[in-house]
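The following note is offered in reply to the request for comments on this model. The points are numbered for ease of reference.

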Amino acid sequence: MPRLYHSPGSRSTRVLWLLEEIGAPYDVTVITRDERRGPEHRELHPLGRVPVIELDDGAHMIESVAICLHLADLHPDAGLIAALGTPQRAQAYQWSVFALAEIEGALLALRQANEAGADVAPGLERVGEAVAVIADALGDDDWLIDNRFSVADVLAASILGLAHSRGLLAAQPVAAAYVERGHARPAYERALAVGAAPAAG
Ligand SMILES: N[C@@H](CCC(=O)N[C@@H](CS)C(=O)NCC(=O)O)C(=O)O
């Protein structure tokens with residue numbers, strides 16, 4: 001069974017969410033920030049990051065978006081990705097890569113501008129424009145592709161969730177509601193519980 005290397009609160013949570021949506025058995029190794037940077041983990045991820053997944057054949061794979069698309073492919077019965085070559089499959093690629101490149105990329109640039117004490121207005125505008133593209137694509141629908149929940153929603157809602165948690169969706173109610181809809185799914189709740197510290201008392 002696959003083994004996910006996970007740090008709670010990190011980008012590996014989106015892979016866990018997908019694994020929970022799929023519902024097939026998997027193992028998790030929870031690793032700390034220090035362990036991520038150590039030589040043992042760097043054997044698995046050359047930059048010392050999570051997620052890393054060990055697949056059934058023993059191979060290791062990095063990059064959350066690529067991992068999620070691959071896992072969706074491995075479990076066609078879960079119905080989280082359309083058949084190869086279909087327009088819906090093309091949309092799955094489009095929205096997954098858009099979320100990573102345009103939204104997560106813009107959020108990273110914004111954080112860097114903030115840390116450098118630079119003008120954040122261009123970064124905020126870039127994030128806002130990219131988020132509005134997702135909101136337009138949703139329209140009145142709940143989910144991005146034919147209004148059916150898919151791997152693209154796990155990825156887009158996870159990445160938009162980063163903007164939401166930073167208060168950047170205040171003027172984007174459609175996108176905010178989309179994130180909240182995703183986060184209300186039982187599979188997301190279960191993913192959050194993996195590796196979380198037990199409640200005190
Ligand atoms: N593009 C990568 C980014 C992975 C990444 O940056 N992960 C962060 C956690 S969210 C990390 O492990 N950073 C290394 C560290 O903080 O030591 C992906 O989506 O998988």
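1. In which loop does E43 lie? The model under review is a predicted one, and in it E43 is placed in the loop between helix 3 (39–42) and strand 3 (52–54). The residue counts as exposed because its relative accessible area is 69%, and the cut-off for that class is over 50%.

2. E43 also belongs to a charged feature of the surface. Together with D34, E35 and E40, E43 forms a negative surface patch.

3. The loop that holds E43 also contains G48, between helix 3 and strand 3. In contrast to the exposed E43, G48 is buried, since its relative accessibility is 6% and the limit for burial is under 20%. G48 and D34 are 14 residues apart along the chain, and their C-alpha atoms are separated by 9.5 Å. D34 is one of the residues of the negative patch.

4. As to the overall architecture, the secondary structure of the protein chain consists of nine helices and four strands. Read from the N terminus, the order of elements is β-α-β-α-α-β-β-α-α-α-α-α-α. The order therefore ends in a run of helices, with the strands placed before it.

5. The dimensions of the chain deserve a remark. For 201 residues, a compact globule would be expected to have a radius of gyration near 17 Å; the protein chain has 17 Å, so the two agree. The C-alpha trace spans about 45 × 40 × 40 Å along its principal axes. Of the 201 residues in the protein chain, 42% are buried.

6. How many salt bridges does the count come to? The total is eight salt bridges. In general terms, side chains of opposite charge can pair when their charged atoms come close. Points 7 to 9 take up individual pairs.

7. One salt bridge joins the side chains of E104 and R11, with an N to O distance of 3.0 Å. This pair connects distant parts of the chain, 93 residues apart: E104 is in helix 5 (residues 87–115), whereas R11 is in the loop between strand 1 (3–6) and helix 1 (12–22). The two partners differ in exposure: E104 counts as buried because its relative accessibility is 4%, while R11, at 36%, counts as partly exposed.

8. E104 has a further partner in R14, and the closest N and O atoms of this salt bridge are 2.7 Å apart. Here too, distant parts of the chain are linked, as E104 lies in helix 5 and R14 in helix 1, 90 residues apart. R14 is buried, since its relative accessible area is 4%. Taken together, R11, R14 and E104 are linked in a network of salt bridges.

9. Why are R111 and E115 separated by about one helical turn? The reason is that these residues are four residues apart in helix 5. R111 and E115 form a salt bridge in which the closest N and O atoms are 3.8 Å apart, and the cut-off for such a contact is within 4 Å. R111 is partly exposed, at 44% relative accessibility, and E115 is exposed, at 64%.

10. In reviewing helix 5, the reader may wish to set the two settings side by side. E104 in helix 5 is buried and takes part in the network with R11 and R14, whereas E115 is exposed and is paired with R111.

Methods
Residues are numbered from 1 along each chain as its sequence is written. This is a predicted model: local features need pLDDT of at least 70, side-chain atom pairs count only at pLDDT 80 or more; totals for chains, interfaces and linings use all residues. Side-chain values use heavy atoms; hydrogens and water are left out. Patches are made of residues with over 30% relative accessible area and no salt bridge: like charges are joined within 9 Å, nonpolar side chains (Val, Leu, Ile, Met, Phe, Trp, Tyr) within 5 Å. Accessible areas come from the Shrake-Rupley method with a 1.4 Å probe; for residues, only the protein chains shown count as cover. Lys and Arg count as positive and Asp and Glu as negative; His and the chain ends are not counted. The place of a charge is taken as NZ of Lys, CZ of Arg, CG of Asp or CD of Glu. Buried means under 20% relative accessible area, exposed over 50%, partly exposed in between (1.4 Å probe, protein chains only). The radius of gyration is taken over C-alpha atoms; the globule rule is 2.2 Å times the number of residues to the power 0.38.
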